[in-house]
Protein chains: 2
Amino acid sequence: MDDAWAGPTVGQVGELAVLDRIVRRLPAGAPVLGPGDDCAVVAAPDGRFVVTTDMMVHGPDFRWAWSSPADVGWKAAATNLSDVAAMGATPSGLVIALAAPQDTPVAVLESFADGVRQAVDALSPGCGVVGGDLSTSATFTVSVTAFGDLGGRGPVLRSGAHVGDVLAVSGELGRAARGLARLFRDGVDEHREPSRAVTVASGADADPDVDRQRRPVPPIADGVHAAAAGATAMLDLSDGLAIDAGRLARASGVSLALDPLPELDAVALHGGEDHGLLATFPPHVALPGGFRRLGLVVARGDADLVRDGEPVPTTGWDPYADWDGAAG
Amino acid sequence: MDDAWAGPTVGQVGELAVLDRIVRRLPAGAPVLGPGDDCAVVAAPDGRFVVTTDMMVHGPDFRWAWSSPADVGWKAAATNLSDVAAMGATPSGLVIALAAPQDTPVAVLESFADGVRQAVDALSPGCGVVGGDLSTSATFTVSVTAFGDLGGRGPVLRSGAHVGDVLAVSGELGRAARGLARLFRDGVDEHREPSRAVTVASGADADPDVDRQRRPVPPIADGVHAAAAGATAMLDLSDGLAIDAGRLARASGVSLALDPLPELDAVALHGGEDHGLLATFPPHVALPGGFRRLGLVVARGDADLVRDGEPVPTTGWDPYADWDGAAG
């Protein structure tokens with residue numbers, strides 16, 4: 001078991017002492033006013049700001065048997081930063097609300113904070129955690145809200161794709177899903193319950209795809225690169241290429257025709273949680289940063305997404321319908 | 001039991017249909033861009049914005065036996081709006097992340113949204129819910145993040161009180177705590193578990209103080225009134241007058257001397273969740289809006305808070321140390 005799962009608990013140490021131990025580990029950024037008052041104050045030189053929020057819940061969204069507290073901190077930060085990038089904005093701040101059971105070791109919350117800092121340092125240096133809230137709950141729950149600055153550009157919506165635009169992606173496809181499949185295969189005990197010991201013994205813990213599942217690496221800077229290059233539409237790939245491409249297609253009133261790329265296998269099409277950026281660019285634009293061509297925007301047909309003239313199903317994960325209730 | 005606790009569940013209906021039924025009930029406000037893309041966009045004409053976040057968890061923060069879903073929605077919105085007001089800002093938007101057990105009736109989430117709308121309409125009309133996230137969890141959890149516009153003024157911090165300033169409050173003191181005490185006395189069954197039937201039968205359900213506990217009425221507009229009148233320090237009264245006054249005193253490096261007011265009984269001093277505004281004003285300033293004098297800012301002494309020359313204890317509620325683990 002992770003070393004973080006030992007030592008005094010948050011119930012023993014109390015809210016103020018826990019806060020003190022966490023806040024110093026978080027990235028400070030450069031807010032106008034940081035934590036400590038009723039509100040933080042964040043600069044919005046553009047005269048507007050983008051905002052997104054995402055909650056991660058123990059059970060449906062992560063298992064302690066498979067993810068360390070630092071992994072959960074990394075992922076909570078990275079997925080929100082990715083939504084900011086998908087508007088073409090630069091992340092300017094985060095606030096984090098966290099509720100933990102009273103018997104949670106304080107070291108777990110410290111490791112969580114370390115993971116947040118590692119993600120921000122790696123993906124969007126300079127973006128600070130400007131505020132937060134610490135609560136207690138029977139279920140470990142993290143809620144992150146992220147802000148971004150558009151730098152004078154218009155937000156890149158999912159609704160702006162035009163017929164003739166090039167469809168492109170930045171970031172890897174399918175690795176997070178392959179990692180999750182590996183965990184469900186090689187990280188469960190004989191009752192099919194997630195098991196840390198089995199995950200380590202099987203080698204799954206050291207699988208780079210598993211690491212991508214636990215610590216996605218969204219190409220944050222490519223959001224601004226895409227906006228500056230004139231991207232007509234963009235979104236974050238959270239639920240899988242097919243379902244998210246379907247959203248872009250419906251919002252824009254177009255269909256999307258995929259190139260016959262070997263890369264686009266079933267896992268790349270339907271696996272979620274890669275947090276790459278899917279965007280459309282006018283023809284003749286040189287694709288910026290890490291973007292590579294996936295296909296073309298075509299006139300709206302019967303299907304959102306087609307390949308070789310055949311429709312590609314655009315379905316995915318529904319947390320209400322699909323969660324089996326297990327935690328682990 | 002509340003009518004909301006019947007009908008199809010979120011697990012049966014699925015995330016998209018639930019979202020569709022909730023979003024239409026929420027206040028829209030006037031964002032630059034509302035829900036539906038990776039991020040919302042909110043205007044920040046001042047070039048900066050204030051932000052606060054607060055999580056409410058079933059068990060430590062509310063009980064279904066005592067609060068309706070609409071009560072929880074009201075309180076989640078009101079407490080965050082109050083933090084924005086305490087900076088001297090006008091609320092400009094909210095984002096809400098909500099996680100509910102899969103067997104929660106959709107009508108519960110609809111009633112929750114109605115409560116949010118009722119609070120915004122009553123307390124801060126024009127402030128919309130610009131975005132959110134819907135998840136599933138074993139524990140019903142709401143996380144609200146609120147934004148505000150300073151309108152060109154500096155934020156009113158808790159650290160700016162000067163010796164000689166007048167200490168003043170806007171809002172009622174002690175009513176929320178009296179309501180909570182009534183619930184713990186007249187809203188529990190023979191095992192001291194919260195009971196909706198007992199709460200109704202005893203008359204506690206119709207007690208106006210109980211209603212204040214469930215639906216606090218923070219004087220949002222008085223935040224801007226205080227800032228415009230030159231308030232030197234201000235904070236939201238969430239944990240009780242004594243503990244919150246202590247925070248203001250320590251942050252400002254002063255002590256606070258209370259007038260011998262009959263209003264300041266033990267419940268008024270130590271009861272939490274009133275969400276009034278505590279502020280200090282330069283002498284000779286006419287107190288604005290609903291503010292009334294409570295005392296004076298004096299030179300820093302041994303105690304944060306004194307009355308009749310005696311120290312007033314500045315202790316309060318710690319969710320990690322004090323929650324008994326019960327839900328109800």
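Me: Just so we agree on terms: buried means under 20% relative accessible area, exposed means over 50%, and partly exposed is in between, with a 1.4 Å probe and protein chains only. Where does that put Glu110(A), buried or exposed?

Reply: Glu110(A) is buried, with a relative accessible area of 12%. Before we go on, this is a predicted model, where local features need pLDDT of at least 70 and side-chain atom pairs count only at pLDDT 80 or more, while totals for chains, interfaces and linings use all residues. Residues are numbered from 1 along each chain as its sequence is written, chains are lettered from A and ligands numbered from 1 in the order in which they are written, and side-chain values use heavy atoms, with hydrogens and water left out.

Me: Thanks! Which residue forms a salt bridge with Glu110(A)?

Reply: That's Arg21(A), with the closest N and O atoms 3.0 Å apart. A salt bridge here is a side-chain nitrogen of Lys or Arg within 4 Å of a carboxyl oxygen of Asp or Glu. Arg21(A) sits in helix H2 (residues 15–23) of chain A and Glu110(A) in helix H4 (residues 106–123) of chain A, so the pair ties together parts that are 89 residues apart in sequence. Helices (H or I, at least four residues) and strands (E, at least two) are DSSP runs, numbered from the N terminus.

Me: And how accessible is Arg21(A)?

Reply: Arg21(A) counts as partly exposed, at 30% relative accessibility.

Me: What about Arg24(A), what does that one pair with?

Reply: Arg24(A) forms a salt bridge with Asp20(A), closest N and O atoms 2.8 Å apart. Arg24(A) is exposed at 62% relative accessible area, while Asp20(A) is partly exposed at 46%.

Me: Nice. Where do Asp207(A) and Arg182(A) lie?

Reply: Their side chains meet in a salt bridge at 2.9 Å, N to O. Asp207(A) is in the loop between helix H6 (196–201) and helix H7 (208–214) of chain A, and Arg182(A) is in helix H5 (residues 175–186) of chain A, so this pair ties together parts that are 25 residues apart in sequence. Both Asp207(A) and Arg182(A) are buried.

Me: Which residues are linked in a network of salt bridges?

Reply: Asp71(A), Arg196(A), Asp205(A), Asp211(A), Arg214(A) and Arg215(A) are linked that way. Over all chains, the structure holds 54 salt bridges.

Me: Switching to domains: what does the assignment give for chain A?

Reply: Chain A gets domain 1 (10–149), domain 2 (166–171 + 218–317) and domain 3 (177–213). Those bounds come from an automatic or database domain assignment.

Me: How do domain 1 and domain 3 of chain A meet, and what area is buried between them?

Reply: The area buried between them is about 650 Å², with carbon and sulfur atoms giving 59%. Buried area is the accessible area (1.4 Å probe) that two parts lose on being put together, summed over both. On the domain 1 side, Ala65(A), Trp66(A) and Lys75(A) lose the most area to domain 3, together 83% of what that side buries. The C-alpha centres of domain 1 and domain 3 of chain A lie 26 Å apart. The contact takes five residues from domain 1 of chain A and ten from domain 3 of chain A, where contact means heavy atoms within 4.5 Å.

Me: How many salt bridges are there between those two domains?

Reply: Zero between domain 1 and domain 3 of chain A, though three residue pairs are in polar contact (both at pLDDT 80 or more). A polar contact is a pair of N or O atoms within 3.5 Å; within protein, one must be able to donate a hydrogen and the other to accept it, and residues adjacent in sequence count only if both atoms are side-chain atoms.

Me: Now the interface of chain B and chain A. What's the count of salt bridges there?

Reply: Four. One of them joins Arg158(B) to Asp37(A), closest N and O atoms 3.5 Å apart. Strand S2 (residues 48–57) of chain B gives the most to the side of chain B that touches chain A, with nine residues. The interface also has 19 residue pairs in polar contact (both at pLDDT 80 or more). In area, about 5200 Å² is buried between the chains, 61% of it from carbon and sulfur atoms.

Me: Last one: what does the side chain of Ser170(B) make a polar contact with?

Reply: The side chain of Asp222(B), at 2.6 Å. Ser170(B) is in strand S6 (residues 166–170) of chain B and counts as buried at 2% relative accessibility.
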